[in-house]
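Work through these exercises with the model open beside you. Try each task before you read its solution.

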Amino acid sequence: MPRMTLQTALILDELVTDPADARYGLDLMHAVGLKSGTVYQILARLERAGWLTSEWEDPAVHESEGRPRRRMYRLTAEGVAQARRVLSQPAYRNQSARARRLLTEGGL
(Lines give C-alpha, C1' and ligand atoms only; values in the text may rest on other atoms or scores of the structure.)
Protein backbone atom coordinates (compact mmCIF):
# COMPACT_ATOMS: atom_id res chain seq x y z
CA MET A 1 0.00 0.00 0.00
CA PRO A 2 1.38 3.42 -0.87
CA ARG A 3 2.05 5.93 1.88
CA MET A 4 -1.25 7.63 2.60
CA THR A 5 -1.05 11.34 3.29
CA LEU A 6 -3.61 14.08 3.29
CA GLN A 7 -2.41 15.15 -0.16
CA THR A 8 -2.65 11.57 -1.46
CA ALA A 9 -6.22 11.34 -0.17
CA LEU A 10 -7.08 14.56 -2.03
CA ILE A 11 -5.73 13.19 -5.30
CA LEU A 12 -7.46 9.85 -4.83
CA ASP A 13 -10.70 11.64 -4.00
CA GLU A 14 -10.42 13.60 -7.25
CA LEU A 15 -9.52 10.56 -9.37
CA VAL A 16 -12.26 8.33 -7.96
CA THR A 17 -15.03 10.81 -8.83
CA ASP A 18 -14.87 9.51 -12.42
CA PRO A 19 -12.44 6.58 -12.43
CA ALA A 20 -12.81 5.85 -16.15
CA ASP A 21 -11.70 9.37 -17.01
CA ALA A 22 -7.97 9.81 -17.74
CA ARG A 23 -6.50 12.92 -16.11
CA TYR A 24 -3.22 14.75 -16.57
CA GLY A 25 -1.03 16.24 -13.85
CA LEU A 26 -1.77 19.93 -14.42
CA ASP A 27 -5.50 19.21 -14.37
CA LEU A 28 -5.12 17.42 -11.03
CA MET A 29 -2.94 20.23 -9.66
CA HIS A 30 -5.67 22.76 -10.36
CA ALA A 31 -8.45 20.48 -9.09
CA VAL A 32 -6.85 19.78 -5.70
CA GLY A 33 -4.76 22.94 -5.25
CA LEU A 34 -1.38 21.26 -4.81
CA LYS A 35 1.96 22.07 -6.45
CA SER A 36 3.48 20.02 -9.25
CA GLY A 37 6.26 18.46 -7.16
CA THR A 38 3.71 17.09 -4.72
CA VAL A 39 1.23 15.88 -7.34
CA TYR A 40 3.76 14.12 -9.56
CA GLN A 41 5.46 12.37 -6.62
CA ILE A 42 2.08 11.06 -5.47
CA LEU A 43 1.13 9.94 -8.98
CA ALA A 44 4.44 8.08 -9.32
CA ARG A 45 3.94 6.41 -5.92
CA LEU A 46 0.38 5.35 -6.83
CA GLU A 47 1.55 4.01 -10.18
CA ARG A 48 4.35 1.97 -8.56
CA ALA A 49 1.74 0.49 -6.18
CA GLY A 50 -0.41 -0.56 -9.15
CA TRP A 51 -3.26 1.83 -8.30
CA LEU A 52 -2.71 3.93 -11.45
CA THR A 53 -1.68 3.42 -15.02
CA SER A 54 -0.32 6.14 -17.23
CA GLU A 55 0.29 6.67 -20.90
CA TRP A 56 1.20 9.49 -23.22
CA GLU A 57 -1.68 10.93 -25.18
CA ASP A 58 -1.86 10.47 -28.94
CA PRO A 59 0.57 12.91 -30.61
CA ALA A 60 -2.12 13.95 -33.10
CA VAL A 61 -4.17 15.41 -30.24
CA HIS A 62 -1.53 17.70 -28.77
CA GLU A 63 -0.14 18.63 -32.18
CA SER A 64 -3.56 19.68 -33.45
CA GLU A 65 -4.10 21.73 -30.28
CA GLY A 66 -0.61 23.26 -30.47
CA ARG A 67 0.47 22.33 -26.95
CA PRO A 68 2.92 19.94 -25.26
CA ARG A 69 2.06 16.25 -24.99
CA ARG A 70 0.32 15.18 -21.77
CA ARG A 71 0.87 12.10 -19.67
CA MET A 72 -2.58 10.76 -18.80
CA TYR A 73 -3.29 8.93 -15.52
CA ARG A 74 -6.17 6.58 -14.77
CA LEU A 75 -7.02 4.47 -11.74
CA THR A 76 -6.78 0.71 -12.21
CA ALA A 77 -9.61 -1.54 -10.99
CA GLU A 78 -7.47 -2.27 -7.92
CA GLY A 79 -6.84 1.45 -7.50
CA VAL A 80 -10.55 2.25 -7.59
CA ALA A 81 -11.29 -0.40 -4.97
CA GLN A 82 -8.41 0.69 -2.72
CA ALA A 83 -9.17 4.40 -3.11
CA ARG A 84 -12.81 3.87 -2.16
CA ARG A 85 -11.76 1.73 0.80
CA VAL A 86 -9.26 4.33 2.05
CA LEU A 87 -11.54 7.30 1.46
CA SER A 88 -14.44 5.61 3.24
CA GLN A 89 -12.46 5.51 6.49
CA PRO A 90 -13.59 8.29 8.83
CA ALA A 91 -10.05 9.61 9.34
CA TYR A 92 -9.51 10.23 5.62
CA ARG A 93 -13.03 11.49 5.03
CA ASN A 94 -12.49 14.10 7.74
CA GLN A 95 -8.95 14.89 6.54
CA SER A 96 -10.10 15.38 2.97
CA ALA A 97 -12.80 17.84 4.02
CA ARG A 98 -10.33 19.68 6.28
CA ALA A 99 -7.71 19.81 3.53
CA ARG A 100 -10.14 21.25 0.99
CA ARG A 101 -11.11 23.93 3.51
CA LEU A 102 -7.45 24.76 4.18
CA LEU A 103 -6.67 24.90 0.47
CA THR A 104 -9.46 27.36 -0.21
CA GLU A 105 -8.20 29.46 2.70
CA GLY A 106 -4.61 29.20 1.45
CA GLY A 107 -3.29 27.31 4.46
CA LEU A 108 -2.06 23.97 3.09
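**Exercise 1. Decide whether Thr8 is buried or exposed, and place it in its helix.**

Solution. This is a predicted model, and every value below is computed from it.

Step 1. Take the accessible area. Thr8 has a relative accessible area of 0%. The cut-off for buried is under 20%. Thr8 is therefore buried.

Step 2. Find the element. Thr8 belongs to helix α1, which covers residues 6-16.

Step 3. List the neighbours. Setting aside residues within four places in sequence, Thr8 contacts Arg3, Ile42, Arg45 and Leu46.

Step 4. Look for a polar partner. The side chains of Thr8 and Arg45 are joined by a polar contact of 3.0 Å.

**Exercise 2. How many residues of α1 are buried, and where does Leu15 fit in?**

Solution.

Step 1. Count along the helix. Nine of the eleven residues of α1 are buried, so this helix is mostly covered.

Step 2. Name some of them. The buried set includes Leu6, Ala9, Leu12 and Glu14. Thr8 and Leu15 are also among them.

Step 3. Check Leu15, a residue of helix α1. Its relative accessible area is 2%, so Leu15 is buried.

Step 4. Trace its contacts. Beyond neighbours within four places in sequence, Leu15 meets Arg23, Leu28, Leu52 and Leu75.

Step 5. Add a distance. Leu15 and Ala31 lie 16 residues apart in sequence, and their C-alpha atoms are 10.0 Å apart in space.

**Exercise 3. Describe how α2 and α3 pack: at what angle, and how far apart are the axes?**

Solution.

Step 1. Recall what to report. Two packed helices are described by the angle between their axes and the distance between the axes.

Step 2. Fix the limits. Helix α2 spans residues 25-32, and helix α3 spans residues 36-48.

Step 3. Read the geometry. The two helices pack at an angle of about 115 degrees, with axes 10 Å apart.

Step 4. Assign the hand. The crossing of α2 past α3 is right-handed.

Step 5. Name the contact residues. From α2 come Gly25, Leu26, Leu28 and Met29. From α3 come Ser36, Val39, Tyr40 and Leu43.

**Exercise 4. Place His62, Thr76 and Gln82, and state which class of exposure fits each.**

Solution.

Step 1. Start with His62. Helix α4, residues 59-65, holds His62. Its relative accessible area is 14%, so His62 is buried.

Step 2. Find its partners. Not counting residues up to four places away in sequence, His62 touches Glu57, Arg67, Pro68 and Arg69.

Step 3. Move to Thr76. Thr76 sits in the loop between β3 (71-75) and α5. At a relative accessible area of 17%, Thr76 is under the 20% cut-off and therefore buried.

Step 4. List what Thr76 meets. Leaving out neighbours within four places in sequence, Thr76 is in contact with Gly50, Trp51, Leu52 and Thr53. Thr76 and Leu52 are 24 residues apart along the chain, with 5.2 Å between their C-alpha atoms.

Step 5. Finish with Gln82. Gln82 lies in helix α5, residues 77-88. Its relative accessible area is 18%, so Gln82 is buried. The C-alpha atoms of Gln82 and Trp51 are 7.7 Å apart, with these positions 31 residues apart along the chain.

**Exercise 5. Search for aromatic pairs and name the residue that lies over the face of Tyr24.**

Solution.

Step 1. Scan the whole structure. The search finds zero aromatic pairs.

Step 2. Turn to charges over rings. Arg70 lies over the face of Tyr24, at 3.8 Å from the ring centre.

**Exercise 6. Summarise the chain: which elements, in what pattern, and what share is buried?**

Solution.

Step 1. Count the elements. The chain has six helices and three strands.

Step 2. Read them in sequence. The pattern is α-β-α-α-β-α-β-α-α.

Step 3. State the buried share. Of 108 residues, 42% count as buried.

Step 4. Weigh the contacts by separation. Take those with a separation of 6 or more: residues 24 or more positions apart account for 61% of them.

Terms used:
Residues are numbered from 1 along each chain as its sequence is written. This is a predicted model: local features need pLDDT of at least 70, side-chain atom pairs count only at pLDDT 80 or more; totals for chains, interfaces and linings use all residues. Side-chain values use heavy atoms; hydrogens and water are left out. Rings of Phe, Tyr and Trp (its six-membered ring) pair if their centres lie within 6.5 Å; planes under 30 degrees apart count as stacked, over 60 as edge-to-face and the rest as tilted. A charge sits over a ring if NZ of Lys or CZ of Arg is within 6 Å of the ring centre and within 35 degrees of the ring normal. Helices (H or I, at least four residues) and strands (E, at least two) are DSSP runs, numbered from the N terminus. Buried means under 20% relative accessible area, exposed over 50%, partly exposed in between (1.4 Å probe, protein chains only). A polar contact is a pair of N or O atoms within 3.5 Å; within protein, one must be able to donate a hydrogen and the other to accept it, and residues adjacent in sequence count only if both atoms are side-chain atoms. Contact means heavy atoms within 4.5 Å. Axes are lines fitted to C-alpha atoms, for helices over the stretch in contact, and angles run from 0 to 180 degrees between N-to-C directions. A crossing is left-handed if the near helix is turned anticlockwise from the far one by less than a right angle, and right-handed if clockwise.
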